[in-house]
Amino acid sequence: MLVTGGSGASLAVFADDDGNPAETPLESLAPDGLMTPFGASSSFLTDQSALHPLLLPGETYWIGMNAPEDGLAVWNQTTSQAAASQ
């Protein structure tokens, strides 16, 4: 993710509410200092969970991203294959 116009971007994980994100996030993260410039190579980003929500296999979850009011956030796509570690 790239953020311009200052820090303050956030990511959140939401449960599914009948095909839409639930109103309240299960977890919110502020990845300031973890991001690389747009288009630059980077390793996978990791962050620590404060709430440790239980995510169940087979369930649908939503990931939301917000940028600061005066900024821009861009989600870089990766073509690498990786498995999440537990």
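The side chain of Glu27 reaches two backbone nitrogens: one of its polar atoms lies 3.4 Å from the backbone nitrogen of Ala50, and a polar atom of the same side chain lies 3.2 Å from the backbone nitrogen of Leu51. Glu27 is part of strand β3 in a predicted model. The chain has 86 residues, with five strands and zero helices. Three of the strands form an open antiparallel sheet.

**Glu27 and its surroundings**

- Glu27 has a relative accessibility of 7%, so the residue counts as buried, the cut-off being under 20%.
- Beyond four places in sequence, the contacts of Glu27 include Leu11, Ala12 and Val13.
- Glu27 also contacts Ser49, Ala50, Leu51, His52 and Pro53, again leaving aside neighbours within four places in sequence.
- Among these contacts, Ala50 and Leu51 are the residues whose backbone nitrogens were named above, at 3.4 Å and 3.2 Å from polar atoms of the Glu27 side chain.

**The chain as a whole**

- Read from the N terminus, the order of elements is β-β-β-β-β.
- Buried residues make up 13% of the chain.
- The exposed surface of the chain comes to about 6700 Å², and 52% of that is supplied by carbon and sulfur atoms.
- Among contacts with a separation of 6 or more, 59% join residues 24 or more positions apart.

**The sheet**

- The strands of the open sheet stand in the order β3-β2-β4, with antiparallel pairing.
- Strands β3 (27-29) and β4 (61-66) each have a single partner strand and stand at the edges, so one side of each has no neighbour in the sheet.
- From one strand to the next, the twist averages 20 degrees.
- Strand β2, made of residues 10-15, pairs with β4 over six bridges in the antiparallel sense.
- Within this pairing, Val13 has Ile63 of β4 as its bridge partner, and Leu11 has Met65 of β4.
- The pairing of β2 with β3 is also antiparallel and runs over three bridges.
- On the β3 side, Ser28 is the residue that stands opposite Ala12.

**Ala15 and Ala22**

- Ala15 belongs to strand β2.
- The relative accessible area of Ala15 is 23%, so this residue is partly exposed, falling between the cut-offs of 20% and 50%.
- Leu26 is eleven residues from Ala15 along the chain, and the C-alpha atoms of the two are separated by 6.9 Å.
- Not counting residues up to four places away in sequence, Ala15 touches Asn20, Pro21, Ala22 and Leu26, and also Thr60, Tyr61 and Trp62.
- Ala22 sits in the loop between β2 and β3.
- With neighbours within four places in sequence set aside, Ala22 is in contact with Phe14, Ala15 and Asp17.
- Ala22 and Trp62 are 40 residues apart in sequence, and their C-alpha atoms are 8.5 Å apart in space.

**Positive phi in two loops**

- Asp18 is not a glycine, yet its phi is positive, at about 55 degrees.
- The loop that holds Asp18 runs between β2 and β3.
- Asp18 has a relative accessibility of 74% and therefore counts as exposed, the cut-off being over 50%.
- His52, also not a glycine, has a positive phi of about 50 degrees.
- The loop between β3 and β4 is where His52 lies.
- The relative accessibility of His52 is 60%, so His52 counts as exposed.
- His52 is one of the residues in contact with Glu27.

**Confidence of the prediction**

- The average pLDDT of the chain is 77, and 64% of the residues score at least 70.
- Over residues 1-5, pLDDT stays under 50.
- For residues 1-5 the model has 23 contacts beyond four places in sequence.

Conventions: Residues numbered from 1 in each chain as written. Predicted model: local features only at pLDDT ≥ 70, side-chain atom pairs only at ≥ 80, totals over all residues. Heavy atoms only, no water. Helix = DSSP H or I, 4+ residues; strand = E, 2+ residues; numbered from the N terminus. Buried < 20%, exposed > 50% of the residue type's maximum accessible area, 1.4 Å probe, protein only. Contact = heavy atoms within 4.5 Å. Areas by Shrake-Rupley, 256 points an atom, 1.4 Å probe, with all protein chains shown as cover. Pairing = 2+ DSSP bridges. Axes fitted to C-alpha atoms, helices over the stretch in contact; angles between N-to-C directions. Polar contact = N/O pair within 3.5 Å; in protein donor to acceptor, adjacent residues only side chain to side chain. pLDDT = per-residue confidence, 0-100.
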